[in-house]
Amino acid sequence: MNSKHIVCIEDDLAIQRVLSLALRVAGYEVETASTGDAGLDLVLRTKPDLVLLDVMLPGLDGLSVARRIRAPPTLAATRILMLTARTE
């Protein structure tokens with residue numbers, strides 16, 4: 001994967017920090033958001049190569065954010081990796 005820019009949308013700050021640190025150490029540029037609304041704004045502005053997206057977020061949930069990311073043709077092919085702590 002030649003991607004360099006990743007947006008991590010995660011409301012648990014400890015998980016957000018661990019993911020960001022690991023990805024930065026691996027050479028990626030990482031930007032973070034803690035709510036669905038802020039994450040969607042960040043993605044629309046920066047057009048990242050990959051979005052790490054928590055399913056359960058304050059404001060817009062992860063599935064709604066994913067749908068909105070995929071709506072504009074310029075972002076339709078954006079890679080999204082969903083994260084969840086849910087067991088069901």
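Start with the secondary structure: colour the protein by it and you'll find 3 helices and 4 strands. Keep in mind that this is a predicted model. Walk along the chain from the N terminus and the elements come in the order β-α-β-α-β-α-β. The radius of gyration is 12 Å, close to the 12 Å that the globule rule gives for 88 residues, so the protein is as compact as a globular protein of that length.

Now zoom out. The C-alpha atoms fill a box of roughly 30 × 30 × 20 Å along the principal axes. Switch on the surface: about 5,200 Å² is exposed, and carbon and sulfur atoms supply 56% of that. Under the surface, 36% of the 88 residues count as buried.

**Stop 1: helix H2**

Select residues 36–46, which make up helix H2. Which residues of H2 are buried? Show the side chains and look for Leu 40, Leu 42 and Val 43, along with Gly 36 and Gly 39. Turn the view until you look down the helix axis: these buried residues fall within an arc of 160°, so they line one face of H2. Here's a handy bit of background: an α-helix has 3.6 residues a turn, so residues three or four places apart point the same way. To see what covers the buried residues of H2, bring in S1, strand S2 (29–33), S3 and H3, which are among the elements doing that. Before you leave, click on Lys 47, just after H2, where phi is positive at about 50°.

**Stop 2: helix H3**

Next, select residues 62–70 for helix H3. Its buried residues are Gly 62, Val 65, Ala 66 and Ile 69. Look down the axis again: they fall within an arc of 100°, so they line one face of this helix too. Their cover includes strand S1 (5–9), helix H2, strand S3 (50–54) and strand S4 (79–83).

**Stop 3: Val 51**

Move to strand S3 and pick Val 51. Is Val 51 buried or exposed? Its relative accessibility is 0%, so Val 51 counts as buried. Now select Val 7 as well: 44 residues separate the two along the chain, yet their C-alpha atoms are 4.8 Å apart. Leaving out residues up to four places away in sequence, Val 51 touches a list of residues that includes Val 7, Ile 9, Val 43, Ile 69 and Ile 80. Two of those names should ring a bell: Val 43 is a buried residue of H2, and Ile 69 is a buried residue of H3.

**Last stop: the whole chain**

Zoom out once more. Among contacts with a separation of 6 or more, 63% join residues 24 or more positions apart. Finally, show the charges: the mean positions of the 10 positive and 11 negative ones are 6 Å apart.

Notes:
Residues numbered from 1 in each chain as written. Predicted model: local features only at pLDDT ≥ 70, side-chain atom pairs only at ≥ 80, totals over all residues. Heavy atoms only, no water. Helix = DSSP H or I, 4+ residues; strand = E, 2+ residues; numbered from the N terminus. Rg over C-alpha atoms; globule rule 2.2 N^0.38 Å. Buried < 20%, exposed > 50% of the residue type's maximum accessible area, 1.4 Å probe, protein only. Contact = heavy atoms within 4.5 Å. Areas by Shrake-Rupley, 256 points an atom, 1.4 Å probe, with all protein chains shown as cover. Lys, Arg positive; Asp, Glu negative; His and termini not counted. Charge placed at Lys NZ, Arg CZ, Asp CG, Glu CD. Arc of directions from axis to C-beta.
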